[in-house]
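Here are my notes from a pass through this one, point by point. Have the structure open while you read.

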Amino acid sequence: MDKQIGRIVAGIGGNYDVLLEDGTEVRLKARGLFRKQKLTPLLGDIVTVSGDGYFDSILDRKNESIRPAAANIDQMLVVFAARYPDPHFKLLDRFLIECDSRKIPCLIVFNKADLLSEEQKRRLMLVLKAYEEAGYPVELISTVDEEQALKAREILLPRLLGRLTIFAGPSGVGKSSLINTLIGAGQETGELSEKIARGKNTTRHARLLPLIAEGEVPGLIGDTPGFSSFYMQQLSQEDLAKAYPEFRPYLGLCRFTNCRHMREEDCAVRGAAREGKISPVRYRNYLELSGDLNQGRKS
Ligand SMILES: Nc1nc2c(ncn2[C@@H]2O[C@H](COP(=O)(O)OP(=O)(O)O)[C@@H](O)[C@H]2O)c(=O)[nH]1
Ligand SMILES: [Mg+2]
Ligand SMILES: [Zn+2]
């Protein structure tokens, strides 16, 4: 067998399932030299395979996420619920900032649109517009019935084919339901965390799932069990402000060069927020995250 390129789609006790370019999957071992180099193969890693039951090398990663541990992610699909659980915008911002610093693009999806009245939907759309203007694609969807699910599939499929997408978001927002909608009902969604089935002592392993549409390059999807909080990691006040793309036009314009854009006089960012040029929701999140940052709090 000639040298081939493949992608790790599952790791099972020292063995790795590698999806080859021709669409076949092989179960391989990592060479001992990776351990010597302290290099742990990750889901999403692109490897070279020469056919002796091992993969030879791990190609340079374009990015890496911690939870779940995966590499070469084309995008995060961040799912929140429109209701039940209510959206937590500060958590959303925190997640976007984390991904930004790891060079992982984000696509935002609000699910359970069916639970909103027209008026509630209108108000949510107003907030979501701020995220769109900040540069994040946003979709409001529902998977509650077949008709809505089909619509959600139509909206999302073009964004997911040919890419590796990790689904993230709080638990209960509908990530697994959405993945079922996309890859076909009844399939194991294989959350990217190890789950011990009680009593049986069997471990269910993380697996990237193929998303197939006729005549299109398949995509890969990773489900995750859900997050509830993050630690603010090594982020300066300056970096936090820069992580809000819509603040950037105002950042050099404050009276004080070390302005934190909180209560300072003649702050261009606060001024823009007051005039409605910056979304009040986003500015409030910034203030809260700044507070957490200064007190070393979890957010
Ligand atoms: N009303 C409504 N409920 C939904 C929708 N999508 C998922 N759910 C429900 O929300 C709950 C959590 O869904 P699940 O997919 O397990 O969420 P996950 O924890 O993010 O994977 C389940 O009871 C689903 O049936 C939706 O679009 N509308
Ligand atoms: Mg789930
Ligand atoms: Zn300022």
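1. Start with Asn72, which counts as buried because its relative accessibility is 6%. Bear in mind that this is a predicted model. Asn72 sits in the loop that links β7 (70–71) to β8 (75–81). What is Asn72 in contact with, once neighbours within four places in sequence are left aside? The list runs Arg7, Gly44, Asp45, Ile46, Asp60, Arg61, Lys62, Asn63 and Leu164.

2. Phe227 is another loop residue worth a click, this time between β15 and α6 (237–242). It is buried too, because its relative accessibility comes to 8%. Setting aside neighbours within four places in sequence, Phe227 touches Arg67, Phe80, Leu91, Phe95, Ala168, Gly169, Pro170 and Ser171. Take Ser171: it is 56 residues from Phe227 along the chain, yet the two C-alpha atoms are separated by 6.6 Å.

3. Some chain-wide numbers for context. I get eight helices and 15 strands. Of the 299 residues in the chain, 48% are buried. Looking at contacts with a separation of 6 or more, 64% are between residues 24 or more positions apart.

4. Now the open sheet. How are its six strands ordered? The order is β10-β9-β8-β11-β15-β14, and the pairing is mixed. β10 (138–140) and β14 (209–211) are the edge strands, each pairing on one side only. From one strand to the next, the twist averages 25 degrees. Over at the β10 edge, helix α3 (residues 118–133) lies across β9 (106–111) and β10, and the helix runs at about 165 degrees to β10.

5. β15 deserves a look of its own. On one side, strand β15 (residues 219–222) pairs with β14 in the antiparallel sense, over three bridges. Leu211 has Gly219 as its bridge partner in β15, and Pro210 has Leu220. β15 also pairs with strand β11 (residues 164–168), here in the parallel sense and again over three bridges. In that pairing, Thr165 stands opposite Ile221 of β15.

6. Staying with β15, which way do its residues point, and are they buried or exposed? Gly219 and Ile221 point one way, Leu220 and Gly222 the other, and all are buried. That fits the textbook pattern, since side chains in a regular strand alternate between the two faces of the sheet.

7. The other sheet to check is a barrel: five strands close up in the order β1-β2-β3-β5-β4, with mixed pairing. Ignoring direction, neighbouring strands in this sheet are turned by 55 degrees against each other on average. Strand β3 (residues 25–30) and strand β5 (residues 54–58) run parallel and are joined by two bridges. Ala30 is the residue to find here, as Phe55 in β5 stands opposite Ala30.

8. On to the zinc ion (ligand 3). Its protein donors are Cys254 (SG), Cys259 (SG), His261 (ND1) and Cys267 (SG), at 2.1 to 2.4 Å from the ion. In sequence, these donor residues follow the spacing C-x4-C-x1-H-x5-C. Cys259 and Cys267 are both buried. Why call the site tetrahedral? Because the four donor atoms subtend angles of 100 to 115 degrees around the zinc ion. For reference, the ideal angle for four tetrahedral donors is 109.5 degrees.

9. Last, the disulfide question. The count comes to zero, with the cut-off for a pair of cysteine sulfur atoms set at 2.5 Å. The pair to inspect is Cys99 and Cys106. Cys99 is in no disulfide, and the nearest cysteine sulfur, from Cys106, is 3.6 Å away. Seen from the other end, Cys106 is likewise in no disulfide and has the sulfur of Cys99 as its nearest cysteine sulfur. Cys99 counts as buried because its relative accessibility is 4%. Cys106 is buried as well, with a relative accessible area of 7%.

Terms used: Residues are numbered from 1 along each chain as its sequence is written. Chains are lettered from A and ligands numbered from 1 in the order in which they are written. This is a predicted model: local features need pLDDT of at least 70, side-chain atom pairs count only at pLDDT 80 or more; totals for chains, interfaces and linings use all residues. Side-chain values use heavy atoms; hydrogens and water are left out. Two strands pair if DSSP finds at least two bridges between them. Helices (H or I, at least four residues) and strands (E, at least two) are DSSP runs, numbered from the N terminus. Axes are lines fitted to C-alpha atoms, for helices over the stretch in contact, and angles run from 0 to 180 degrees between N-to-C directions. Contact means heavy atoms within 4.5 Å. Donors are N, O and S atoms within 2.8 Å of the metal (3.2 Å for Na, K and Ca); water is not among the atoms, so sites may look incomplete. Four donors count as tetrahedral if all angles lie between 85 and 135 degrees; four count as square planar and six as octahedral if opposite donors are over 155 degrees apart and all others between 65 and 115; anything else is irregular. Buried means under 20% relative accessible area, exposed over 50%, partly exposed in between (1.4 Å probe, protein chains only).
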